[in-house]
Amino acid sequence: MSVYQLPDLTYDYGDLEPAISGEIMALHHGAHHAAYVKGANATLEQIGEMRQTRDFSRLPGLERTLAFHVAGHSLHSMFWTNLSPDGGDRPGGELAAAIDEFFGDFDAFRAEMTAATASVQGSGWGALAWDPFGARLVVNQIHDHHITVVPTSTPLLVFDAWEHAFYLQYRNVKTDYIERLWSLVNWADVSERFEAARAATLFTVDEG
């Protein structure tokens with residue numbers, strides 16, 4: 001059975017400084033993200049054992065645990081590629097046009113994304129996502145690792161608002177951390193995700 005694996009980064013831990021310290025990156029990727037991968041694989045093993053015995057009494061708890069770990073793994077994997085030592089500035093092309101269409105302009109989008117990330121209650125993420133039902137870009141909050149909007153929405157850009165992502169460097173001033181993230185955004189990666197999400201086929205219920 002295939003297992004989840006911690007992805008390698010395309011840059012060194014210290015390459016995102018001064019916005020994100022190498023110490024935070026080492027802990028965030030090598031410890032926190034790795035823990036989600038380990039947790040997902042351990043839960044898969046338990047589900048496999050459950051299937052062999054056909055004792056499904058633990059199924060609800062195991063499914064929730066698996067969803068938590070896999071979502072954490074998925075979001076962190078996206079977060080690393082959303083960032084780049086050569087990032088920043090603004091997007092261009094179709095993504096820029098879509099941001100203007102759905103938010104008014106880039107500055108309005110940036111303000112909404114910043115506010116969504118900063119105001120997450122407890123642990124979570126801010127996200128720019130594509131909503132296929134409305135065929136539009138949206139900004140939403142992800143609480144813990146659980147997306148609480150349209151189930152089929154596809155995150156394109158995610159900002160990690162868990163304390164482990166910033167506290168060692170920024171203490172309780174999360175807004176300073178978020179502002180520095182903008183200098184790292186890999187718009188080429190976000191644009192590729194946007195094009196793929198927009199081109200995906202959505203199966204809907206035929207209302208007759």
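Is Asp86 buried or exposed? In this predicted model, Asp86 is exposed, and its relative accessible area is 73%. You will find Asp86 in the loop that runs between α2 (59-82) and α3 (93-103). On the surface, Asp86 joins Asp12, Asp15 and Glu17 in a patch of negative charge.

**Around the patch**

Glu17, one of the patch members, also deserves a look for its backbone. The peptide bond leading from Glu17 to Pro18 is cis, with omega near 5 degrees. Pro18 itself sits in the segment before α1 (22-53).

For orientation, UniProt lists residues 4-84 under "domain: Manganese/iron superoxide dismutase N-terminal", in an unreviewed entry. In the model, this span is 69% helix and 0% strand, and its end C-alpha atoms lie 24 Å apart.

**The loop between α2 and α3**

Back in the loop that holds Asp86, another residue to inspect is Asp89, which is found between α2 and α3. Its phi is near 65 degrees, a positive value in a residue other than glycine. Asp89 is exposed, because its relative accessible area of 67% is over the 50% cut-off.

A second case of this backbone feature is Arg171, whose phi is positive at about 55 degrees although Arg171 is not a glycine. Arg171 lies in the loop between α5 (167-170) and α6. With 46% relative accessibility, Arg171 counts as partly exposed.

**Salt bridges**

How many salt bridges does the count come to? The count comes to six salt bridges. Here are some of them, with the N to O distance for each pair.

| Pair | N to O distance |
|---|---|
| Asp107 and Arg90 | 2.8 Å |
| Arg110 and Glu179 | 2.9 Å |
| Asp131 and Arg136 | 3.6 Å |

Let's take the pair of Asp107 and Arg90, whose side chains meet in a salt bridge. Asp107 belongs to helix α4 and Arg90 to the loop between α2 and α3, so this pair ties together parts that are 17 residues apart in sequence. Asp107 is partly exposed, with a relative accessible area of 45%, and Arg90 also counts as partly exposed, at 45% relative accessibility.

Next comes the salt bridge that Arg110 forms with Glu179. Arg110 lies in helix α4 and Glu179 in helix α6 (residues 174-181), so the pair ties together parts that are 69 residues apart in sequence. Arg110 is partly exposed, with a relative accessible area of 26%, while Glu179 counts as partly exposed at 37%.

The side chains of Asp131 and Arg136 meet in a salt bridge too. Here Asp131 is buried, because its relative accessible area of 6% is under the 20% cut-off. Its partner Arg136 is partly exposed, with a relative accessible area of 40%. Elsewhere, salt bridges with shared partners join Glu94, Glu195 and Arg198 into one network.

**A buried residue in α4**

Where is Phe106 found? Phe106 is in helix α4, which covers residues 106-118. At 7% relative accessibility, Phe106 counts as buried. The C-alpha atoms of Phe106 and Pro91 are separated by 8.7 Å, and the two residues are 15 residues apart along the chain.

Note on methods: Residues are numbered from 1 along each chain as its sequence is written. This is a predicted model: local features need pLDDT of at least 70, side-chain atom pairs count only at pLDDT 80 or more; totals for chains, interfaces and linings use all residues. Side-chain values use heavy atoms; hydrogens and water are left out. Patches are made of residues with over 30% relative accessible area and no salt bridge: like charges are joined within 9 Å, nonpolar side chains (Val, Leu, Ile, Met, Phe, Trp, Tyr) within 5 Å. Accessible areas come from the Shrake-Rupley method with a 1.4 Å probe; for residues, only the protein chains shown count as cover. A salt bridge is a side-chain nitrogen of Lys or Arg within 4 Å of a carboxyl oxygen of Asp or Glu. Lys and Arg count as positive and Asp and Glu as negative; His and the chain ends are not counted. The place of a charge is taken as NZ of Lys, CZ of Arg, CG of Asp or CD of Glu. Helices (H or I, at least four residues) and strands (E, at least two) are DSSP runs, numbered from the N terminus. Buried means under 20% relative accessible area, exposed over 50%, partly exposed in between (1.4 Å probe, protein chains only). UniProt positions are given in the numbering used here, feature names are shortened, and annotations may be inferred rather than shown by experiment.
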